[in-house]
Amino acid sequence: MEKIRQLLPVGTTLQDRYRIEQQLASGGFGNTYVVTNIRFDEHWAMKEFFMKGISERDDDTSAVSVASASKPQFEAQREKFNKEARRLHRLRHPGIVHVEDLFDENDTSYYIMDYIGGGSLAEALKRHGPFSEQRVRRLLPNLLDALEYVHNQEMWHLDLKPGNILLDEEGNPVLIDFGASKQLGMSGANSTSTAMTYTQGYAPSEQVDQNLDRIGPWTDLYALGATLYNLLTGNTPPLVSEIQEAEAAAFMFPETVSGQMRKLILWMMNPNRRKRPQSVAEVRTFLNIDTTKSKPEDTTDNDSDGTIMPEHKDSNEPEPSFLQRFWENYRKAIVCCIAAALAIALAIVLWPIAETEPASEDPVSTVTSVINEPMTSPIGDYSYTGPVDENGKPDGKGGAIFSDGRSYNGSFVHGIMQGKDARFQMGNGDTFEGEFRDNRFYEGRYTISEDGSYFKGTFKNGQPDQGQWYDKNGNRI
């Protein structure tokens with residue numbers, strides 16, 4: 001009986017020039033290797049068409065064969081494999097893997113493509129756990145740029161996920177695996193009638209239901225939203241049916257994810273395709289980034305709540321004159337002096353009041369008022385104004401200004417922010433108004449400063465749980 005193996009052995013040479021150096025991976029429709037072009041001493045990746053469970057390989061000749069009954073299926077899938085190679089050969093973008101060569105050997109097909117040695121985002125997630133929002137935002141501009149390039153070719157990727165995004169040596173993302181992609185014909189209709197493959201959690205309803213006439217950029221953007229969610233949380237994205245049933249509660253974000261990023265993901269993963277962003281440009285506008293001008297790491301600052309906001313400086317804007325700089329600095333100095341004088345006056349007025357403040361009726365604590373007292377909490381250092389307990393911890397109605405620019409006005413209970421009618425402002429201007437429990441949002445309204453949209457309802461672990469998002473006019477989103 002003939003021996004059958006899945007992968008070609010290391011050292012095998014194809015086309016008299018591609019020598020296999022390493023076996024990388026084996027999937028349902030192919031095997032991937034690292035090869036060296038021995039004529040130019042260059043490293044490439046090579047993909048071999050091999051249908052797991054159908055294809056067989058002769059141990060002596062390495063030839064691939066299939067049973068007669070499976071031959072039509074094998075050839076149909078092999079043609080899709082070749083189409084993928086030809087499609088990728090035409091795409092030339094730094095964020096998309098490029099195919100260099102395509103050939104037949106061993107009664108199957110192979111293509112040679114760029115070798116991206118940094119591994120996939122899925123592998124990085126498995127090794128190191130969820131990504132920080134700052135890291136995700138560094139990746140986003142390049143991902144959006146590559147995806148927009150694909151869409152401008154009238155193509156849709158249709159299998160975007162962390163496993164299909166590799167990292168190059170500089171840490172930049174590169175899209176791979178266009179086997180599920182579709183292309184529009186001259187009439188604007190999809191040029192293929194074959195069924196769409198998809199990955200659960202990353203595919204919207206129009207893809208799951210095989211509605212070819214309803215796919216578009218919004219389909220890939222759904223998958224990108226699911227990819228962001230997976231990277232930030234480490235959780236498998238919820239199914240469309242789960243989102244339809246539970247809405248925002250279907251998502252579980254860590255506290256480190258900003259309101260803007262949560263809103264972006266909920267927007268991109270809206271079950272209704274018409275309510276998702278319709279193009280990459282809309283996402284870029286929402287994030288206020290422009291990948292055509294500069295690298296993301298050069299144009300962003302990280303504020304206290306993880307939100308990365310780009311600079312808006314125009315490189316063509318003339319430098320201010322000496323006189324303009326003088327008056328601007330003079331104006332700032334005057335404002336600072338006035339502010340300092342007001343602060344001193346306020347302290348002089350309030351200090352006697354603080355000293356004569358009647359004691360709390362709470363027999364457990366002796367209440368004293370203090371002004372600008374430095375404090376430390378699990379969520380950061382802050383300056384506190386208000387009453388304290390016998391141990392010097394904030395206790396009662398007071399105000400806190402954190403060292404990173406955030407602020408809180410509301411009740412404290414022995415050093416913990418807790419109580420109703422509280423107001424918390426993030427470093428990026430987002431605000432929460434409502435009830436705090438154990439230093440976290442509990443019930444109320446979280447407003448995005450950028451566009452006035454807001455979430456109203458209850459929060460779990462500081463994240464929106466049961467409730468609804470609204471636009472600035474009060475319309476449900």
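Buried, on this tour, means under 20% relative accessible area, exposed means over 50%, and partly exposed covers what falls in between. Keep that in mind as you click around, and remember that the model is predicted.

**Whole chain**

Start with everything on screen. You should have 9 helices and 24 strands in the chain. Colour by burial and 46% of the 477 residues come up as buried. Switch to a surface and you are looking at about 24800 Å² of exposed area, with carbon and sulfur atoms supplying 50% of it. For a feel of how the chain folds back on itself, take the contacts between residues at least 6 apart in sequence: 45% of them join residues at least 24 apart.

**Stop 1: Thr12**

Go to Thr12, in the segment before strand S1 (13-14). Is Thr12 buried or exposed? Its relative accessibility is 18%, so Thr12 counts as buried, the cut-off being under 20%. Draw a distance from the Thr12 side chain to the backbone oxygen of Pro9 and you get 2.8 Å. Now show what Thr12 touches, leaving out residues up to four places away in sequence: Tyr18, Arg19 and Ile20.

**Stop 2: helix H1**

Select residues 71-90, which is helix H1. A quick check on the helix: with 20 residues at 1.5 Å each, H1 should span 28 Å, and its end C-alpha atoms sit 29 Å apart, so the two agree. Next, highlight the buried residues of H1: Phe74, Arg78, Phe81, Asn82, Glu84, Ala85, Arg87 and Leu88.

Stay with Arg78 and bring up Glu75 as sticks. Their side chains meet in a salt bridge, 3.8 Å from N to O. Both residues belong to H1 and are 3 residues apart, about one turn of the helix. How do the two partners differ in burial? Arg78 counts as buried because its relative accessibility is 13%, whereas Glu75, at 32%, is partly exposed.

**Stop 3: Phe81 and its ring partner**

The structure holds 27 aromatic pairs. For one of them, show Phe81 and Tyr111: this pair is tilted, with 4.9 Å centre to centre and 35° between the planes. Phe81 is in helix H1 and Tyr111 in strand S8 (residues 108-113), so the pair ties together parts 30 residues apart in sequence. Both Phe81 and Tyr111 are buried.

**Stop 4: Phe402 and Phe424**

Another ring pair to load is Phe402 with Phe424. Their centres are 6.0 Å apart and their planes stand at 55°, so this pair is tilted. Here the link runs between distant parts of the chain, from Phe402 in strand S17 (residues 396-402) to Phe424 in strand S20, 22 residues apart. Both Phe402 and Phe424 are buried.

**Stop 5: Arg423 and Glu433**

Now pick Arg423, together with Glu433. Their side chains form a salt bridge at 3.6 Å, N to O. Arg423 is in strand S20 (residues 419-425) and Glu433 in strand S21 (residues 431-437), so the pair ties together parts 10 residues apart in sequence. Arg423 is partly exposed at 36% relative accessible area, and Glu433, at 41%, counts as partly exposed too.

Before leaving the charged pairs of H1 behind for good, select Lys71, Glu75, Arg78 and Asp104: salt bridges that share partners join these four into one network.

**Stop 6: Glu148 and Arg284**

How many salt bridges does the structure hold? There are 15. One more to see is between the side chains of Glu148 and Arg284, at 3.2 Å from N to O. That pair links distant parts of the chain: Glu148 lies in helix H3 (residues 133-152) and Arg284 in helix H8 (residues 280-287), 136 residues apart. Glu148 counts as partly exposed, with 22% relative accessibility, while Arg284 is buried at 10%.

**Last stop: helix H7**

Finish by selecting residues 259-268, helix H7. Is this helix mostly covered or mostly open? Mostly covered: 9 of its 10 residues are buried. To see them, pick Gly259, Gln260, Met261, Arg262, Lys263, Leu264, Ile265, Leu266 and Met268.

Key
Residues numbered from 1 in each chain as written. Predicted model: local features only at pLDDT ≥ 70, side-chain atom pairs only at ≥ 80, totals over all residues. Heavy atoms only, no water. Helix = DSSP H or I, 4+ residues; strand = E, 2+ residues; numbered from the N terminus. Buried < 20%, exposed > 50% of the residue type's maximum accessible area, 1.4 Å probe, protein only. Contact = heavy atoms within 4.5 Å. Areas by Shrake-Rupley, 256 points an atom, 1.4 Å probe, with all protein chains shown as cover. Expected span 1.5 Å × (residues − 1). Polar contact = N/O pair within 3.5 Å; in protein donor to acceptor, adjacent residues only side chain to side chain. Phe/Tyr/Trp six-rings, centres within 6.5 Å; stacked < 30°, edge-to-face > 60°.
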